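The following exercises invite the reader to study a protein model step by step. Please examine the sequence and the structure before turning to the solutions.

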Amino acid sequence: MPNAALGALYQEVILKHYRDSSHRGELAERDAEIQMNNPTCGDAIVLHLRLRGGRVDAIRFSGHGCAISQASASMMAKQLEGKTTEESGELIARFKDLVHGDADAARDKRLGELRALAGVAKFPVRVRCAMLAWNALEEAAKQAGA
């Protein structure tokens with residue numbers, strides 16, 4: 001697939017998650033709630049996490065911000081539900097590699113739609129946007145005792 005077509009596809013994936021996420025909202029029953037802000041641009045997120053039997057049972061988020069921060073939160077939640085806490089930790093590490101420009105991570109099919117955010121690495125100021133939900137997830141996991 002030519003680079004322009006791939007770029008357009010990735011842009012569409014980001015916009016789809018930005019506009020319509022099935023993981024927006026709150027969890028009444030949760031093990032952790034984390035609020036996090038990106039002071040550089042004003043993005044904000046509230047992340048709710050529920051763990052059951054060593055797995056991510058549910059993730060929901062609310063907040064506001066750019067398409068990158070909100071799409072990243074949506075894709076993260078979609079990708080992590082049902083994963084073990086160990087698998088979640090591996091995905092967090094791999095996503096960090098991706099947004100910091102690791103070419104192998106950009107080709108890693110385990111990242112699924114998250115690979116659409118590989119271009120963020122070219123814009124260091126946007127890495128914080130992409131990482132906002134992931135940083136909140138790390139804090140939520142600590143709060144939940146995972």
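Three exercises on this predicted model follow, each with a worked solution.

**Exercise 1.** Determine how many helices and strands the protein has, and in which order they occur.

Solution. The count of elements comes to five helices and three strands. Reading along the sequence then gives the order α-β-β-β-α-α-α-α.

**Exercise 2.** Decide whether the radius of gyration of the protein agrees or disagrees with that of a compact globule.

Solution. The chain length is taken as the starting point: for 146 residues, a compact globule would have a radius of gyration near 15 Å. The protein has 14 Å, which agrees with this expectation. Next, the extents of the C-alpha trace along the principal axes are about 45 × 30 × 25 Å. Burial may then be added: 41% of the 146 residues count as buried. Finally, among contacts between residues at least 6 apart in sequence, 56% join residues at least 24 apart.

**Exercise 3.** Explain why neither C41 nor C66 forms a disulfide with its closest cysteine, C129.

Solution. The criterion comes first: a disulfide requires two cysteine sulfur atoms within 2.5 Å. For C41, the closest cysteine sulfur, in C129, is 3.9 Å away, which is too far for a bond. For C66, the closest cysteine sulfur is also in C129, at 3.8 Å, and this too is too far for a bond. The count of disulfides by this rule is zero. As to their surroundings, C41 is partly exposed, with a relative accessible area of 43%, whereas C66 is buried, with a value of 17%.

How values were computed: Residues are numbered from 1 along each chain as its sequence is written. This is a predicted model: local features need pLDDT of at least 70, side-chain atom pairs count only at pLDDT 80 or more; totals for chains, interfaces and linings use all residues. Side-chain values use heavy atoms; hydrogens and water are left out. Helices (H or I, at least four residues) and strands (E, at least two) are DSSP runs, numbered from the N terminus. The radius of gyration is taken over C-alpha atoms; the globule rule is 2.2 Å times the number of residues to the power 0.38. Buried means under 20% relative accessible area, exposed over 50%, partly exposed in between (1.4 Å probe, protein chains only). Contact means heavy atoms within 4.5 Å.
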